[in-house]
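Dear colleague,

I am handing over the structure below, and after it I set out what was found, so that you can read the text with the model open beside you.

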Amino acid sequence: MGRDPRVFTNPDSYTPERWLPEHNPGASNLPDVYDIVFGFGRRICPGRFLADRIGFTFAVAVLKTYDILPLEGEELPREFPYQDAIAR
Ligand code: HEM
């Protein structure tokens with residue numbers, strides 16, 4: 001579903017920014033990535049809330065453990081808007 005050529009231009013290229021409105025004017029019409037990952041309807045993953053929290057906890061542990069820095073010569077972004085979402 002994440003490579004549907006009817007939805008994505010160049011679906012097989014690695015372009016995670018395709019989900020962002022500033023890189024893809026049709027981003028508001030894209031499927032919800034949460035649905036793609038965890039399924040739909042009666043068979044939707046019942047562990048999705050736990051999995052979501054584990055992912056968040058993992059990200060927090062990485063941030064606590066490492067110094068995440070920009071590449072040499074590049075600046076830190078000035079704003080860090082928080083969004084509770086898997087991908088936006
Ligand atoms: C990132 C982690 C996970 C992903 C991507 C994931 C994804 C999925 C998907 C795609 C399905 C099938 C939905 C369908 O048949 O349409 C599913 C089913 C299921 N998942 Fe997960 N899952 C994750 C974590 C978990 C966890 C942590 C648990 C339990 C603690 C869990 C328990 C289940 C169960 C029991 C089903 C079967 C539901 C049914 O057929 O009624 N999953 N999962």
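**Salt bridges**

The side chains of Glu75 and Arg78 come together in a salt bridge, with 3.6 Å from N to O. Please keep in mind throughout that this is a predicted model. Both partners of that pair lie at the surface: Glu75 is exposed, with a relative accessible area of 63%, and Arg78 is exposed as well, with a relative accessible area of 76%. Over the whole structure the search finds 4 salt bridges, and two others can be described here in the same way.

One of them joins Arg3 to Asp12, where the closest N and O atoms are 4.0 Å apart, and here again Arg3 and Asp12 are both exposed. Another joins Asp52 to Arg53, with 3.9 Å between the closest N and O atoms. In this pair the side chains are less open to solvent by class, since Asp52 has a relative accessibility of 24% and therefore counts as partly exposed, while Arg53, at 40% relative accessibility, also counts as partly exposed.

**Overall form of the chain**

The secondary structure of the chain amounts to 2 helices and 0 strands. The radius of gyration is 16 Å, whereas a compact globule of 88 residues would have one near 12 Å. Taken along the principal axes, the C-alpha atoms fill a box of roughly 45 × 30 × 20 Å. Of the 88 residues, 14% count as buried, and the accessible surface of the chain comes to about 8000 Å², with 57% of that area belonging to carbon and sulfur atoms. Among the contacts with a separation of 6 or more, 30% are made by residues 24 or more positions apart.

**The iron site**

Which protein atom serves as a donor to the iron atom of the ligand? The single donor from the protein is the SG atom of Cys45, at a distance of 2.2 Å. Cys45 itself lies in the loop between H1 and H2.

**Helix H2 and some distances across the chain**

Arg48 is found in helix H2, and at 17% relative accessibility it counts as buried, because the class covers residues under 20%. Leaving aside residues up to four places away in sequence, Arg48 touches Tyr34 and Phe38. Its C-alpha atom is separated by 21 Å from that of Trp19, a residue 29 positions away along the chain.

Gly55 also has its place in helix H2, but at 38% relative accessibility Gly55 counts as partly exposed. The C-alpha atoms of Gly55 and Asn24 are separated by 26 Å, with their positions 31 residues apart along the chain.

A further pair that you may wish to look at is Ser28 and Ala51, which are 23 residues apart in sequence and 25 Å apart in space, C-alpha to C-alpha. Ser28 is found in the segment before H1, and its relative accessible area of 68% places it among the exposed residues.

**A nonpolar patch at the surface**

Phe56, Val60 and Tyr82 make a nonpolar surface patch of about 320 Å². Of these residues, Tyr82 has its place in the segment after helix H2 (48–65). Is Tyr82 buried or exposed? With a relative accessible area of 59%, Tyr82 is exposed, because that value is over the 50% at which the class begins.

**A backbone angle to check**

Asn10, which is found in the segment before helix H1 (33–38), has a phi near 50 degrees, a positive value in a residue other than glycine. Most residues other than glycine have a negative phi. With 55% relative accessibility, Asn10 counts as exposed.

With best regards

How values were computed
Residues numbered from 1 in each chain as written. Predicted model: local features only at pLDDT ≥ 70, side-chain atom pairs only at ≥ 80, totals over all residues. Heavy atoms only, no water. Patch = residues over 30% accessible without salt bridge, like charges linked within 9 Å, V, L, I, M, F, W, Y side chains within 5 Å. Areas by Shrake-Rupley, 256 points an atom, 1.4 Å probe, with all protein chains shown as cover. Helix = DSSP H or I, 4+ residues; strand = E, 2+ residues; numbered from the N terminus. Buried < 20%, exposed > 50% of the residue type's maximum accessible area, 1.4 Å probe, protein only. Donors = N, O, S within 2.8 Å, 3.2 Å for Na, K, Ca; no water. Rg over C-alpha atoms; globule rule 2.2 N^0.38 Å. Contact = heavy atoms within 4.5 Å.
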